[in-house]
Amino acid sequence: MRDLKNTGFNDRLSAQKDAKQALLARFKPKPTVQDPEFEKLAEKRAAEKEAVRQQHELAKAEVRREKAEKEAARLAAEMAAQEEVDAAKRAARKERKQLTKEEQKAARDARYAARKARQR
């Protein structure tokens with residue numbers, strides 16, 4: 001077979017090496033050209049994200065405040081109901097004690113009358 005291109009073995013090896021390097025160079029990352037407005041856009045996006053974050057935080061705080069108010073109202077209602085129950089219990093206890101005092105007085109008077117009756 002004749003050598004049509006008049007290349008030697010070393011020429012073929014160097015051509016192969018150059019082709020391989022060119023193929024690998026295609027896969028290497030290329031330096032990108034940054035948009036001059038990139039930093040301004042990034043700052044704008046960051047500011048928008050922060051504004052949205054603050055709105056969400058305010059909404060959460062409002063929900064927490066409303067929840068706390070409802071809880072406080074519920075606790076106040078429970079306390080009022082408990083006070084009513086306690087007042088009713090106190091009134092019943094006073095009434096029972098009054099009855100027992102009257103019963104004790106009646107029993108004491110009966111004993112006194114019995115003693116007087118025995119002495120006569």
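**Notebook: charges and extent of a two-helix chain**

I looked up Lys 89 first; it counts as exposed because its relative accessibility is 53% (buried means under 20% relative accessible area, exposed over 50%, partly exposed in between, with a 1.4 Å probe and protein chains only). The model is predicted, so I note that local features need pLDDT of at least 70 and side-chain atom pairs pLDDT 80 or more, while totals for chains, interfaces and linings use all residues. Residues are numbered from 1 along each chain as its sequence is written, and side-chain values use heavy atoms, without hydrogens and water.

**Entry 1: fold and extent**

I find two helices and zero strands in the protein chain (DSSP runs numbered from the N terminus: helices are H or I of at least four residues, strands E of at least two). Helix α1 covers 9-27, and helix α2 covers residues 38-119.

I then looked up the radius of gyration, taken over C-alpha atoms. At 51 Å it is well over the 14 Å that the globule rule gives for 120 residues, so the protein chain is more spread out than a compact globule (the rule is 2.2 Å times the number of residues to the power 0.38). The C-alpha trace spans about 165 × 40 × 15 Å along its principal axes.

What share of the 120 residues is buried? I record 0% for the protein chain. Its accessible surface is about 12100 Å², with 57% of that belonging to carbon and sulfur atoms (Shrake-Rupley method, 1.4 Å probe; for residues, only the protein chains shown count as cover).

**Entry 2: the loop**

I located Thr 32 in the loop between α1 and α2. With 69% relative accessibility, Thr 32 counts as exposed. From Thr 32 to Gln 119 I note 87 residues in sequence and 127 Å in space, C-alpha to C-alpha.

**Entry 3: charge**

I record 33 positive and 22 negative side chains in the protein chain, the centres of the two sets lying 9 Å apart (Lys and Arg count as positive, Asp and Glu as negative; His and the chain ends are not counted). Each charge is placed at NZ of Lys, CZ of Arg, CG of Asp or CD of Glu.

Returning to Lys 89, I place this residue in helix α2. Lys 89 belongs to a surface patch of positive charge with Arg 90, Arg 93, Lys 94, Arg 96, Lys 97 and Lys 101 (patch members have over 30% relative accessible area and no salt bridge, like charges being joined within 9 Å).

**Entry 4: salt bridges**

Side chains of opposite charge can pair when their charged atoms come close. My search of the whole structure returned six salt bridges (a side-chain nitrogen of Lys or Arg within 4 Å of a carboxyl oxygen of Asp or Glu).

Which residues pair with Arg 74? I find Glu 71, with the closest N and O atoms 2.4 Å apart, and Glu 78, at 2.3 Å from N to O. Within helix α2, Glu 71 is three residues from Arg 74, about one turn of the helix; Glu 78 is four residues from Arg 74, also about one turn. Arg 74 counts as partly exposed at 38% relative accessibility, as do Glu 71 at 35% and Glu 78 at 41%. I also note a network in which salt bridges that share partners join Glu 62, Arg 65 and Glu 69.

Glu 57 and Arg 64 form a further salt bridge, their closest N and O atoms lying 3.5 Å apart. Glu 57 is partly exposed at 44% relative accessibility, and Arg 64 is partly exposed at 48%.

Definitions and conventions:
Patches are made of residues with over 30% relative accessible area and no salt bridge: like charges are joined within 9 Å, nonpolar side chains (Val, Leu, Ile, Met, Phe, Trp, Tyr) within 5 Å.
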